[in-house]
Amino acid sequence: MKTMYRIAAILLLFVVLASCTPSGMVSDELYERYTHPTDYYPRYAEPYSEFVVDAEGNWSFETGRFYTKQELAEHEAGPLGESDLFEENPEEITKMQPNTKVNYDLHGFIVDIKYLHDDGQYHLAPPYAMGE
C-alpha cells in the first residue's frame, strides 16, 4: 500500500512540475503583442535581423525572426520581459513607416532605420531629406 502512495505522490509531483512555466517565461498576451507589432517597430529581434515594411504597411523579416517564448526566457542576458521588448516612451522615429527597413545589431536591438528611395535602395536619410 505504501508503494501505491509513493507512486501517486511521484505522479502528482510530475503533474505539478509540468504545469509550471519558467519564471522568466513571457505571457501569451505579451508574446502576441511582441510578434504582431502595429504602431512601432519591434524593439528586439534575433541578432542581425532585417525587418521590412512595404508601401502598404505590411511587414516581414527579410532575414532573421522574432525569438520564441522559450528563447526569450532563456536569453543569455536573462529572461527578457516587457521592459526589454517595448520602450516605455517610444520615440516618433520608431513609429512604423511604409517603405522602410530596420536593421538589428549583434544583440538584437535596433541599430538603424533605412528608407526606400527611387533608386530601389535603402538609405539612412528619408527621401524628403535628400530632395526627392
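Trainee: Among the contacts in the chain with a separation of 6 or more, what percentage comes from residues 24 or more positions apart?

Mentor: This is a predicted model, and in it 53% of the contacts with a separation of 6 or more are between residues 24 or more positions apart. Of the 132 residues in the chain, 27% are buried, and the accessible surface comes to about 9000 Å², with 56% of that surface belonging to carbon and sulfur atoms.

Trainee: Which pattern do the helices and strands follow along the sequence?

Mentor: The chain has 4 helices and 5 strands, and read along the sequence they follow the pattern α-α-β-β-α-α-β-β-β.

Trainee: In what order do the strands stand in the sheet?

Mentor: The 5 strands form an open sheet in the order E2-E1-E3-E4-E5, with antiparallel pairing. E2 and E5 are at the edges and have a single partner strand each, so one side of each lacks a neighbour in the sheet.

Trainee: Over how many bridges do E3 and E4 pair, and which residue stands opposite Thr100?

Mentor: E3 and E4 pair in the antiparallel sense over 5 bridges; Thr100 stands opposite Tyr115 in E4, while the bridge partner of Val102 in E4 is Ile113. These two strands form a hairpin with 5 residues between them, and Gly108 in the turn has a positive phi of about 90°.

Trainee: Where does Tyr115 find its partner in E5?

Mentor: Tyr115 stands opposite His123 in E5, and E4 pairs with E5, residues 122-123, in the antiparallel sense over 2 bridges. The hairpin of E4 and E5 has 5 residues between the strands, and there Gly120 takes a positive phi near 85°.

Trainee: Which residues that are not glycine have a positive phi?

Mentor: Two cases can be described here. Tyr48, in the loop between H2 and strand E1 (50-53), has a positive phi of about 65° although it is not a glycine, and with a relative accessibility of 57% Tyr48 counts as exposed because the cut-off for that class is over 50%. Asn99, found in the loop between helix H4 (82-85) and strand E3 (100-104), has a positive phi of about 55°, and its relative accessibility of 28% makes Asn99 partly exposed.

Trainee: How is a pair of aromatic rings described, and how many such pairs does a search of the whole structure find?

Mentor: In general, a pair of aromatic rings is described by the distance of the centres and the angle of the planes. A search of the whole structure finds 9 aromatic pairs. In one of them, the ring centres of Tyr34 and Phe66 are 4.8 Å apart with their planes at 65°, so the pair is edge-to-face, the class for angles over 60 degrees. This pair links distant parts of the chain, with Tyr34 in helix H2 (residues 28-35) and Phe66 in the loop between strand E2 (59-63) and helix H3 (69-73), 32 residues apart.

Trainee: Are Tyr34 and Phe66 buried or exposed, and which other pair includes Phe66?

Mentor: Both Tyr34 and Phe66 are buried; for Phe66 the relative accessibility is 12%, so it falls under the 20% cut-off. Phe66 also forms an edge-to-face pair with Trp59, at 5.7 Å centre to centre and 80° between the planes, and Trp59 is partly exposed, with a relative accessible area of 28%. Ring pairs link Tyr31, Tyr34, Tyr41, Phe51, Trp59, Phe61 and Phe66 into a cluster.

Trainee: Where does the charged end of Arg33 sit?

Mentor: The charged end of Arg33 sits over the ring of Phe86, at 3.7 Å from the ring centre.

Trainee: How many residues does the largest nonpolar core have, and which have the most contacts inside it?

Mentor: In soluble globular proteins, nonpolar side chains tend to be buried together. The largest nonpolar core here has 20 residues, and those with the most contacts inside it are Tyr34, Tyr41, Tyr44, Phe51, Leu72, Leu85 and Val102. The elements giving two or more residues to this core are H2, E1, E3 and strand E4 (110-116).

Trainee: With which residues is Phe51 in contact, leaving aside its neighbours within four places in sequence?

Mentor: With those neighbours left aside, the contacts of Phe51 include Tyr41, Trp59, Phe61 and Phe66, as well as Met96, Thr100, Val102 and Tyr104.

Definitions and conventions
Residues numbered from 1 in each chain as written. Predicted model: local features only at pLDDT ≥ 70, side-chain atom pairs only at ≥ 80, totals over all residues. Heavy atoms only, no water. Buried < 20%, exposed > 50% of the residue type's maximum accessible area, 1.4 Å probe, protein only. Contact = heavy atoms within 4.5 Å. Areas by Shrake-Rupley, 256 points an atom, 1.4 Å probe, with all protein chains shown as cover. Phe/Tyr/Trp six-rings, centres within 6.5 Å; stacked < 30°, edge-to-face > 60°. Lys NZ or Arg CZ within 6 Å of the ring centre and 35° of its normal. Core = buried A, V, L, I, M, F, W, Y, C linked by side-chain atoms within 4.5 Å. Pairing = 2+ DSSP bridges.
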